[in-house]
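Reader: I should like to learn how to read the features of a model such as this one. May we go through them in turn?

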Amino acid sequence: MAEGSRSDGFQGAKTAPAGGPLPVRWSSRGRAMTFQVWGWRREDASQVLAWMPEAEGGRGAAMPRRTPATKDPTAVERANLLNMAKLSIKGLIESALSFGRTLDSDYPPLQQFFVVMEHCLKHGLKVRKSFLSYNKTIWGPLELVEKLYPEAEEIGASVRDLPGLKTPLGRARAWLRLALMQKKMADYLRCLIIQRDLLSEFYEYHALMMEEEGAVIVGLLVGLNVIDANLCVKGEDLDSQVGVIDFSMYLKNEEDIENERDVQIAAILDQKNYVEELNRQLNSTVSSLHSRVDSLEKSNTKLIEELAIAKNNIIKLQEENHQLRSENKLILMKTQQHLEVTKVDVETELQTYKHSRQGLDEMYNEARRQLRDESQLRQDVENELAVQVSMKHEIELAMKLLEKDIHEKQDTLIGLRQQLEEVKAINIEMYQKLQGSEDGLKEKNEIIARLEEKTNKITAAMRQLEQRLQQAEKAQMEAEDEDKKYLQECQSKSDNLQKQISQKEKQLVQLETDLKIEKEWRQTLQEDLQKEKDALSHLRNETQQIISLKKEFLNIQDENQQLKKIYHEQEQALQELGNKLSESKLKIEDIKEANKALQGLVWLKDKEATHCKLCEKEFSLSKRKHHCRNCGEIFCNACSDNELPLPSSPKPVRVCDSCHALLIQRCSSNLP
């Protein structure tokens, strides 16, 4: 039950019903509850429960004393039991709140409460007959609660399952303890009082449970919902306990009452001073927090402006990046156009080379024609010489000599092939040396010019040969006139001519081989040059692109570093703002919690809570309900097993885990 309803249930002055001799007064001031028994004096030594109250404050005329002849003894018993129930309940609540933790079964006020409740329930019980003896026990009416209140079935079943209980009285005592731990004793007994027809089977008509005193006691039991008790029912010997009321706990002198009042007044004044100091500190902290909030708002506006400026800078940088990309695209287009132009130039050069090659081929064809003519002339000369059989042996000898010369020429061809291999090696070196390729081309052009000069010389030699052949014909004509002289001269001339022809043929073969080698070499060189030019153009384009990309990359790196610096500065500023805001939020929450503590907490009712707020486990006999003194919510024992002093109570009280962590965090944050 909430603390507010508990305190409201005991506010104001309450006296016993008419005929009862024990007027009492309850008063609640915050959480410190006082119980005062006005000045009493003993009327008779034999009658312990018969008391006469004086006027409030011990002054004034005494009230007329009732004689035993005018009183109903059952009414006196009911009144005495009601007053003792009030004393025991009030004393238990007051001592439990000052004790500040869960109560055990060895707590003396709690034991006295159970004894008083047992006497109240035993009052006016009917004696029930059985086969062996007469039975008078309170377990019978308590068993009715299971039928009237379905939630009490769990208590009844657990009481029956306890192994150490053998008598109905022990079961009734265990039932009372479990009902107190469950905080539903008032609800269970209320169901019994309402059903008086069923109670009449167990109680007499003048019993306490059948009269108004029973309803008053049930109303008083509602205040016990504030108490947290942890009782071990299994280990106690409830069957053999003797229920005796100890009045020494409730009797007090006037001096003790005055001393208690002084102590209470001093405690209240101390609490008032503490609350005033708290209010002053809270006001100062609120003013400082307001100033900090204003400064934080100003710094926040500045940061927002800086963020806007940074965003504008980022937008500008993005635009510049787009411009650079467009310029890069234009440069690529220009390079592609330049490549196309260079391709056109290369094609024109190829065409010119083809034309020059055609001219060389024509010259070569002309040389071949001349060679054919010379071969025809040679055939004519051979036909003429064939007639001269006598000279055949000499011609064979000349042929042998010619074979020797051919072998020598083959050796020279092998040497030329070696030279060609050296030229190939030179070409490989020229691949590696691109710059020297142009000089090589110039040298080769000079060699080609020399070859052309050689061809011109060959043509001149051919002309000379033709002239000599004409002279030979003239000599033959003269030889016909002069037989012997002519034959001798012809032989000598033929030998000379054959030598010259062999020499010329050798020169022609050499020239043809040289021309072929040089043509092939020139073609390979031109192809290599074209490949190298293409590679050079491609490499130049790539180098230009790489240079442009490097520039863009360096610019982007600089921009990225600037943006990172701005980002780190802004992040540090935001972290500082977050720390300041978290500190201000914690202080504001402290202020709110202190204001809540000053204004008074609203406690959650027991009926509204069926599960623990933290672990969400359902409450039962083993898992009981406990109030957090800071937030007013209901938790189980595991989730609220913490004690801390609060602004409303300097003594340590029960606090839930979340409030415990929050309060410790605040204390640690407030420390310097």
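Reader: How many helices and strands make up the secondary structure of the protein?

Author: The model is a predicted one, and its secondary structure comes to 14 helices and ten strands. Of the 672 residues in the protein, 32% are buried. The accessible surface amounts to about 43,600 Å², and carbon and sulfur atoms contribute 53% of that area.

Reader: What share of the contacts with a separation of 6 or more joins residues 24 or more positions apart?

Author: That share is 68%. One example of positions distant in sequence is Met84 with Phe247: 163 residues separate them along the chain, while their C-alpha atoms are 8.9 Å apart. Met84 belongs to helix H2, residues 73–99, and is buried, with 4% relative accessibility.

Reader: Why is helix H7 described as largely enclosed by the rest of the structure?

Author: The reading rests on burial, residue by residue. Helix H7 spans residues 185–194, and eight of its ten residues are buried, so the rest of the structure largely encloses it. The buried residues are Met185, Ala186, Asp187, Tyr188, Leu189, Cys191, Leu192 and Ile193.

Reader: Which helices are included in what covers the buried residues of H7?

Author: The cover includes helices H3 (108–122), H4 (139–148), H5 (153–161), H6 (168–182), H8 (196–199) and H9 (212–221).

Reader: How many aromatic pairs are there, and how should their geometry be read?

Author: The count is three aromatic pairs. For each pair, one reads the distance between ring centres together with the angle between ring planes. The ring centres of Phe113 and Phe114 are 5.5 Å apart and the planes stand at 55°, so this pair is tilted. Both Phe113 and Phe114 are buried. The pair formed by Trp175 and Tyr188 is also tilted, because its planes are at 45°, with 5.7 Å between the ring centres. Trp175 is in helix H6 and Tyr188 in helix H7, so the pair ties together parts 13 residues apart in sequence.

Reader: Are the two rings of that second pair buried or exposed?

Author: Trp175 is buried at a relative accessible area of 1%, and Tyr188 is buried at 0%. Together with Tyr149, Trp175 and Tyr188 form one aromatic cluster. A ring may also have a charge placed over it: the charged end of Arg177 sits over the ring of Phe114, 4.3 Å from the ring centre.

Reader: How many salt bridges does the count give, and what should one examine in each?

Author: The count is ten salt bridges. In each, one may examine the closest N and O atoms, the elements that are joined and the burial of the partners. Glu146 and Arg160 form a salt bridge in which the closest N and O atoms are 2.8 Å apart. This pair links distant parts of the chain, with Glu146 in helix H4 and Arg160 in helix H5, 14 residues apart. Glu146 is buried, at a relative accessible area of 16%, whereas Arg160 is partly exposed, at 41%.

Reader: Where do Arg190 and Asp187 lie?

Author: Both residues are in helix H7, three residues apart, about one turn of the helix. They form a salt bridge, with 3.0 Å between the closest N and O atoms. Arg190 is partly exposed at 33%, and Asp187 is buried at 16% relative accessibility.

Reader: What does the salt bridge between Glu633 and Lys613 link?

Author: In this salt bridge the N to O distance is 3.6 Å. The pair links distant parts of the chain, 20 residues apart: Glu633 is in the loop between strands S7 (626–627) and S8 (634–635), and Lys613 is in the loop between helix H13 (483–599) and S7. Glu633 is partly exposed, with 23% relative accessibility. Elsewhere, salt bridges with shared partners join Glu118, Lys122 and Arg173 into one network.

Reader: How many disulfides are counted?

Author: A disulfide is a covalent bond between the sulfur atoms of two cysteines. Here the count is zero. Cys631 is in no disulfide, and its nearest cysteine sulfur, that of Cys628, is 3.6 Å away. Cys631 is partly exposed, with a relative accessible area of 28%.

Reader: Why is Cys656 not bonded to Cys659?

Author: The cut-off between sulfur atoms is 2.5 Å. The sulfur of Cys656 is 3.3 Å from that of Cys659, its closest cysteine sulfur, and this is too far for a bond. Cys656 is buried, at 0% relative accessibility.

Note on methods. Residues numbered from 1 in each chain as written. Predicted model: local features only at pLDDT ≥ 70, side-chain atom pairs only at ≥ 80, totals over all residues. Heavy atoms only, no water. Buried < 20%, exposed > 50% of the residue type's maximum accessible area, 1.4 Å probe, protein only. Helix = DSSP H or I, 4+ residues; strand = E, 2+ residues; numbered from the N terminus. Contact = heavy atoms within 4.5 Å. Areas by Shrake-Rupley, 256 points an atom, 1.4 Å probe, with all protein chains shown as cover. Salt bridge = Lys/Arg side-chain N within 4 Å of Asp/Glu carboxyl O. Phe/Tyr/Trp six-rings, centres within 6.5 Å; stacked < 30°, edge-to-face > 60°. Lys NZ or Arg CZ within 6 Å of the ring centre and 35° of its normal.
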